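Here are two short exercises to work through with the model open beside you. Try each task before reading its solution.

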Amino acid sequence: MSEPNTQAARAQMQVSDEVAIQISNMNKWYGQFHVLRDINLTVQRGERIVIAGPSGSGKSTMIRCINRLEEHQAGKIIVDGIELTSDLKNIDKVRSEVGMVFQHFNLFPHLTILENLTLAPIWVRKVPKREAEETAMYFLEKVKIPEQANKYPGQLSGGQQQRVAIARSLCMKPRIMLFDEPTSALDPEMIKEVLDTMIELAEEGMTMLCVTHEMGFAQAVANRVIFMADGQIVEQNNPHDFFNNPQSERTKQFLSQILGH
Amino acid sequence: MSNTSFVRNEMLPPAPPPVSQTGLVKWLRENLFAGPLNSALTVLGLGAAIWLIQAAAPWLLHSVWVADSQNECRAIVQERWGPDATGACWAIIRARWHQFLFGFYPMEEYWRLFVTFAGLLLAILPVLATSLPRKLLWGSVLYPLVAFWLLWGGSVWGPILTLAGFGLWAAVFLALQVRLGVVVAAGVGLIVAAVFWIYGVDPIETGLQSVLPFALPEVDSDQFGGFLLALVIGATAIVISLPLGILLALGRQSDMLIVKSLSVGFIEFIRGVPLITLLFTASLLLQYFLPSDTKFDLILRVVILVTFFSAAYIAEVIRGGLAALPRGQYEAADALGLDYWQAQRLIIMPQALKISIPGIVSTFIGLFKDTTLVAFVGLMDPLKGISTAVRADINWKGIYWEPYIFVAVIFFIFNFSMSRYSMYLERKLKRDHR
Ligand SMILES: Nc1ncnc2c1ncn2[C@@H]1O[C@H](COP(=O)(O)OP(=O)(O)OP(=O)(O)O)[C@@H](O)[C@H]1O
Ligand SMILES: [Mg+2]
């Protein structure tokens, strides 16, 4: 791990004043269960945010609200200037601007890798097929598996599948990327190849929200770490201070558990 | 240390396995005599097979192919094989095969049936073989109307105007789709088209026919029978019930309460009553619901209800396929910005249908066999309708086995082909390599 301060400084440079995501007083319930409580979060364009917290604390639910895979019941979410309401047009607009990578990849098993990558650009963005394929190959090169283009997802390793999933999102040229535990389903030796891809993306200035337990990744690329517990944001800080000088008891307890000291 | 080290100086050549592990002996032991129970079952099975062959073989060996009546058949068998001999009388098939196949369709119009059947093969080819150019599918889509005209005859304007009704439906749908949404637009389109079909087609047809008279001699529905009837009902119901079943399965999962309740109600009602009840409904009740002067043929009514029947089953089979898909597939499609129908068409249905192939084909096979039930509303199905009609001839009065065997063999050929094709399709679509 390199010097955290210079990391943070470099990270800070790429952040602009433009607001990418604005969440204010957002609440969500599953039936009677109050799963997200009064969430307030402003994400600047170019920011890389890592979200951590114990299991069941609502991390997934929160980032899934950002592209409306889950519906919130109170408060406001504004993504790229578009407010998320039940208006289907706005939802589709937001979804095509926001890429999402899942824990279990969720590639389409009946389509080849190339078809997985070109499907949304062709049908949602109405890009001509030829052009969509060129873009797809560009991003496959970027995640370093262009030779797999004509295979089916089931023929790839987990790490390769997750990199395809990242490339599939990138083909839509999103302005924001959401990651929900992208490495939790992977064997240790494959985690690094996926993290490397994500670090590269961060260095290009992509706005990223990432739920992960990879604290090394958080220290290397995040410019903010958010700690959630019981459906609330308990603490947020830059990675250096978050890890070296946590304020709340919950955070200290959590860090001592996952860092093992 | 020295006694644990070992170096091989000479490599062993490969040796054949012991005799008891190869060839016929191994096969027999593993498959027929693996244990006392297995051996006993083998002996019993062999015994049953021998008994069956003994009972049926002489009858089959003594087949008579040329005769003018059952009595003549008997005389020939007794003359050749002795006074107690029995023999199959296939002469009835030779004399009446055309009735088993085509019912009482006028013989001088048989060419129309051959053209229709050849057309059917051509029309399903691009559907079955995905390597052919997709444009050929338009031919398959238009085929039913051509077939309808060829089979029933009459003015060529009838089918063309029917097609125009579909065009009207599509036009209304496209015009309203953006403003009203897919479901409502399709519903309004259907109503407009139905009004056109019921009230518009007849007068326009008469008008056009008087100006440009293109027509084939009309054949009445009463004259349809045998496998012609089974195929007309079976093929139409199969082709329409698949898309209808898909829509019902989606409707059942819909968030819209009305769509959902209508789908559930339809599926449960249709599955809850016997097909025969529906057929009686077709023959008796449907007339009351429609304007009395509409020419609403019995076969058409039966086709509609058989289609509904099969669509309800298909919907449930597809629901099973949908349930087998992980939620992640829907979420990934949503997250990429695909809308509902795109996600269904490109992601969900291709996978759900693939999982459902065995169930869908079973339903189709069942449906094709169930077409024989139309005998109960007085149509000439090949099994009961035609066999009875043939036996009404004094010459063939007491003949039972041969027509049934003949009909069974033809059904078997159709159904076995469907089953084989479905297995081929499953293998071809097996892509997930898991
Ligand atoms: N569809 C649902 N219906 C009811 N409760 C749900 C649903 N989805 C999640 N929950 C509950 O909401 C809470 C938050 O879930 P969420 O998946 O957001 O947690 P998480 O922080 O992502 O946990 P993990 O680290 O285990 O992924 C959990 O208590 C969970 O049981
Ligand atoms: Mg989670």
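The exercises below deal with a ligand site and a helix pair in this predicted model.

**Exercise 1. Describe the surroundings of ligand 1.**

Solution, step by step:

1. Start by collecting the shell, taking residues with a heavy atom within 4 Å of the ligand. You should find Y30(A), F33(A), V35(A), P54(A), S55(A), G56(A), S57(A), G58(A), K59(A), S60(A), T61(A) and E181(A).
2. Sort these residues by class: four are nonpolar, six polar and two charged.
3. Now look for polar contacts, with N or O atoms within 3.5 Å. A nitrogen atom of ligand 1 lies 3.4 Å from a side-chain N or O atom of Y30(A). An oxygen atom of the ligand is 3.0 Å from a polar backbone atom of G58(A), and an oxygen atom is 3.2 Å from a side-chain N or O atom of E181(A).
4. Next, turn to area: ligand 1 alone exposes 640 Å², and the protein buries 59% of that.
5. Finally, assign the shell to elements. Those giving two or more residues are β2 (33-44) and α2 (59-66) of chain A, and α2(A) gives the most, with three residues.

**Exercise 2. Describe how α10(B) and α12(B) pack.**

Solution, step by step:

1. Find α10 (residues 257-272) and α12 (residues 298-324) in chain B.
2. Give the geometry: the angle is about 115° and the axes are 9 Å apart. The crossing is left-handed.
3. List the contact residues. Helix α10(B) supplies F266(B), I267(B), I270(B) and R271(B), while α12(B) supplies F308(B), F309(B), A312(B), Y313(B), A315(B) and E316(B).
4. Sort them: eight are nonpolar, none polar and two charged.

Note on methods: Residues are numbered from 1 along each chain as its sequence is written. Chains are lettered from A and ligands numbered from 1 in the order in which they are written. This is a predicted model: local features need pLDDT of at least 70, side-chain atom pairs count only at pLDDT 80 or more; totals for chains, interfaces and linings use all residues. Side-chain values use heavy atoms; hydrogens and water are left out. Axes are lines fitted to C-alpha atoms, for helices over the stretch in contact, and angles run from 0 to 180 degrees between N-to-C directions. Helices (H or I, at least four residues) and strands (E, at least two) are DSSP runs, numbered from the N terminus. A crossing is left-handed if the near helix is turned anticlockwise from the far one by less than a right angle, and right-handed if clockwise. Contact means heavy atoms within 4.5 Å. Ala, Val, Leu, Ile, Met, Phe, Trp, Tyr, Cys and Pro count as nonpolar, Asp, Glu, Lys and Arg as charged, and the others, Gly among them, as polar. A polar contact is a pair of N or O atoms within 3.5 Å; within protein, one must be able to donate a hydrogen and the other to accept it, and residues adjacent in sequence count only if both atoms are side-chain atoms. Accessible areas come from the Shrake-Rupley method with a 1.4 Å probe; for residues, only the protein chains shown count as cover.
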